[in-house]
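Colleague: I'd like a close look at one part of this model, please, with its wider setting afterwards. Start with the side-chain contact there and work outwards.

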Amino acid sequence: MPRWSNWSGKQQSKIQAQHFVRSEDDAAGLVVACAQQGLRVRTAGAGHSHSQVALPDQVAVDLSGLSGVISTDAEQRTAWVWAGSPIYSLGRPLWEAGLALHNQGDIDRQAIAGATATGTHGTGATLGNLSSRVLAAELITAKGQRLTVTESSEPALFQALRTHLGSLGIVTRLQLQLRNAYRLHQRSWSQGLENLLPEIDSHIAENRHFEFFWYPQTDQAHAKIINETEADCVYPLGDDERLAWSYEVLPSHRPVRHTEMEYSIPAEHGIDCLREIQQLLKTRFSDIAWPVEYRTVAADDVWLSAACQRPTVTISVHQDIGADDEPYFRACEAVFSRWGGRPHWGKVNYLSGSELAAIHPQWSHWWQARDAADPEGIFLNDYMRSLQP
Ligand SMILES: Cc1cc2nc3c(=O)[nH]c(=O)nc-3n(C[C@H](O)[C@H](O)[C@H](O)COP(=O)(O)OP(=O)(O)OC[C@H]3O[C@@H](n4cnc5c(N)ncnc54)[C@H](O)[C@@H]3O)c2cc1C
């Protein structure tokens with residue numbers, strides 16, 4: 001029996017088959033065949049989620065064969081892209097059309113449909129997550145039909161689709177809101193956390209992007225600010241200083257396999273929450289050397305987005321893939337929850353469906369739209385079934 005594994009190797013399953021899709025007709029035919037046999041279908045992107053959200057339990061679909069930019073509209077600043085496109089594959093062709101993503105996450109290895117599925121974000125208090133930039137999608141439905149989903153044609157399904165959690169169908173194309181191509185200047189430095197803490201709010205307010213990693217063993221923080229510039233690009237790119245096009249500056253290289261929990265906290269509580277995580281590491285988990293990451297995300301109106309209706313600070317904690325991460329992550333989750341946190345869908349959390357319902361205002365609407373599109377649950381894996389109201 002074939003096996004499926006995520007990037008970290010912490011999520012693994014035995015599956016009946018893996019299907020590599022290279023056309024929408026093939027994806028549609030696969031869904032019809034699976035439905036006839038009573039098999040459940042899970043499409044994965046790059047498998048970079050630490051949670052079980054991508055974990056297939058019967059038929060795994062790989063969409064990396066549907067990759068690239070389909071069309072661009074420079075006037076409207078939009079593009080249709082294939083859902084299986086790794087984010088790194090979009091930067092150059094969009095730039096050639098004079099366009100760029102508004103923001104990107106820490107890495108650019110994810111598939112665009114995988115990244116939008118979970119509300120993947122970068123940092124920047126005025127910048128929404130990738131899901132908030134989805135304008136439309138093409139979906140293979142539970143009946144094996146191709147459906148174009150826009151806000152006007154399918155209002156509820158569209159809202160659900162922006163953070164689709166792999167549970168509405170096979171997403172084959174996405175239309176994204178973009179902006180004109182732009183250059184960024186990045187500067188990074190190290191500083192003691194105690195000195196940085198009083199400066200955090202002004203760094204957030206004064207810079208397009210601000211983030212830092214705090215290393216508990218040394219108490220040093222590695223901070224980064226990034227702003228737009230008209231200056232000429234400088235190559236090769238450095239690590240601490242970069243000046244180039246946005247798609248070149250924003251992504252980092254994260255080769256060390258790890259596992260991760262991340263919660264979104266109302267922005268006004270970010271620093272207080274961080275201080276409690278700092279205390280936790282100093283008192284109960286003093287052997288952990290993995291850093292804590294601090295970023296910002298603008299409020300949005302996306303159902304199931306961790307930034308839905310509130311300006312957000314995200315705090316991430318990491319652990320070795322060989323370690324038992326649960327005691328540390330559960331202790332962090334208790335702190336995050338006290339500060340009104342919402343978990344990142346692509347990272348570890350231990351919340352039940354009813355706990356998630358209590359923190360996501362649109363939870364029942366999302367499930368109503370999902371269940372109407374797929375009443376038999378062909379696109380639900382065991383994890384999603386466990387959350388179903
Ligand atoms: C090293 C590393 C760095 C990261 N950095 C960041 C970061 O900076 N910011 C951030 O927010 N997150 C970050 N993440 C988390 C990551 O962005 C999310 O987990 C993202 O969802 C992973 O994308 P993926 O393509 O690997 O999707 P997967 O993990 O494979 O899948 C995610 C979801 O999308 C669904 N899916 C994927 N493609 C399709 C499709 N075509 N049709 C239907 N469903 C589909 C899957 O079923 C699943 O539900 C990071 C993760 C790692 C490992």
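Modeller: Happy to. In this predicted model, the side chain of Ser 352 forms a polar contact with the side chain of Ser 354, at 3.3 Å. (A polar contact is an N or O pair within 3.5 Å; within protein, one atom must be able to donate a hydrogen and the other to accept it, and sequence neighbours count only if both atoms are side-chain atoms.) Residues are numbered from 1 along each chain as its sequence is written, and side-chain values use heavy atoms, without hydrogens or water. Because the model is predicted, local features need pLDDT of at least 70 and side-chain atom pairs 80 or more, while totals for chains, interfaces and linings use all residues.

Ser 352 sits in the loop that runs from strand E20 (342-343) to helix H10 (353-359); helices (H or I, at least four residues) and strands (E, at least two) are DSSP runs numbered from the N terminus. Ser 352 counts as partly exposed because its relative accessibility is 30%, where buried is under 20%, exposed over 50% and partly exposed in between, with a 1.4 Å probe on protein chains only. Gln 159 is 193 residues from Ser 352 in sequence, and their C-alpha atoms are 22 Å apart.

For another loop serine, turn to Ser 8, between strand E1 (3-5) and strand E2 (12-14). Ser 8 has a relative accessible area of 7%, so this serine is buried. A polar atom of the Ser 8 side chain lies 3.1 Å from the backbone nitrogen of Lys 10.

That same loop between E20 and H10 brings us to the ligand, by way of His 344: a polar side-chain atom of His 344 is 2.8 Å from a ligand oxygen. Gln 110 also places a side-chain N or O atom 2.8 Å from an oxygen of the ligand, and Val 53 places a backbone N or O atom 3.0 Å from one. The protein buries 99% of the 970 Å² that the ligand exposes when taken alone, by the Shrake-Rupley method with a 1.4 Å probe. Strand E4 (41-44), helix H3 (112-117) and strand E11 (170-177) each give two or more residues to the shell around the ligand. H3 makes the largest contribution, with four residues.

In total, 37 residues surround the ligand, and Thr 43, Gly 45, His 48, Ser 49 and Asp 106 are the closest; a residue qualifies with a heavy atom within 4 Å. By type, this shell has 15 nonpolar, 17 polar and five charged residues. Here Ala, Val, Leu, Ile, Met, Phe, Trp, Tyr, Cys and Pro are nonpolar, Asp, Glu, Lys and Arg are charged, and the others, including Gly, are polar.

Now you have the picture around the ligand: His 344, Gln 110 and Val 53 each put an N or O atom within reach of a ligand oxygen at the distances above, while Asp 106 is among the closest residues of the shell. Back at the starting point, Ser 352 makes its contact with Ser 354 from a partly exposed position, whereas the side chain of the buried Ser 8 has the backbone nitrogen of Lys 10 at 3.1 Å.
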